[in-house]
Amino acid sequence: MGFVAVLLALPCPAGAQALRPYAIVGDAIPDSLTNARGDAARGRALVVDRTSTCILCHNGPFPELKSWGDLAPSLAGSGSRWTEGQLRLRLVDASRLNAATIMPSYYRVDGLNRVGPAWRGKPILSAEQIEDIVAYLATLRE
């Protein structure tokens with residue numbers, strides 16, 4: 001897949017967080033959404049937060065947790081399986097890689113169905129949070 005697609009920030013309803021533009025190259029978003037590296041410690045905290053993200057569906061190397069999701073692949077070894085750019089695209093909009101995925105598009109607001117009122121017109125995660133999670137997942141090597 002040698003194509004390059006550019007997603008320009010779309011207008012959002014008043015009060016909603018504007019999306020930053022990014023480029024998809026093949027199966028990745030190679031450049032940081034924030035032009036900076038994320039913080040892996042903050043990323044880990046987001047990953048293990050039951051109220052919003054990853055462990056609702058994924059398991060992984062989280063010995064302090066008593067239970068986690070089993071709907072999706074383990075996050076263990078994510079940094080060995082995918083580049084930071086590939087991880088970033090999976091978080092931003094996994095449907096670009098698999099149209100039938102049940103994984104939410106964490107940094108997309110257009111063309112979505114069945115979106116809760118609290119999330120309409122705004123991304124689930126901020127660009128900074130995406131980068132923090134990418135930084136953490138990149139450290140998970142087997």
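In this predicted model, helix α3 passes helix α4 in a right-handed crossing. Two packed helices are described by the angle between their axes and the distance between the axes. Here, α3 spans residues 84–93 and α4 spans residues 127–139, and the two pack at an angle of about 130° with their axes 9 Å apart. That angle makes α3 oblique to α4, because an angle counts as oblique when it falls outside the ranges for roughly parallel (under 35 degrees), roughly perpendicular (65 to 115) and roughly antiparallel (over 145).

A look at the residues fills in the picture of this helix pair. From α3, the contact draws on Glu84, Leu87, Arg88, Leu91 and Val92. These meet Ile130, Glu131, Ile133, Val134, Leu137 and Ala138 in α4. Sorted by class, the contact of α3 with α4 holds 8 nonpolar and 3 charged residues, with no polar ones.

Attention now turns to the cysteines. A disulfide is a covalent bond between the sulfur atoms of two cysteines. The count of disulfides in the model comes to 0. Cys54 takes part in no disulfide, and the nearest cysteine sulfur to its own, that of Cys57, is 9.1 Å away. Seen from the other side, the sulfur of Cys57 has its closest cysteine sulfur in Cys54, and the 9.1 Å between them is too far for a bond, since a disulfide calls for sulfur atoms within 2.5 Å. As for their surroundings, Cys54 is buried, with a relative accessible area of 8%, whereas Cys57 is partly exposed, with a relative accessible area of 26%.

Methods: Residues numbered from 1 in each chain as written. Predicted model: local features only at pLDDT ≥ 70, side-chain atom pairs only at ≥ 80, totals over all residues. Heavy atoms only, no water. Axes fitted to C-alpha atoms, helices over the stretch in contact; angles between N-to-C directions. Helix = DSSP H or I, 4+ residues; strand = E, 2+ residues; numbered from the N terminus. Left-handed = near helix turned anticlockwise from the far one by under 90°. Contact = heavy atoms within 4.5 Å. Nonpolar A, V, L, I, M, F, W, Y, C, P; charged D, E, K, R; others polar. Buried < 20%, exposed > 50% of the residue type's maximum accessible area, 1.4 Å probe, protein only.
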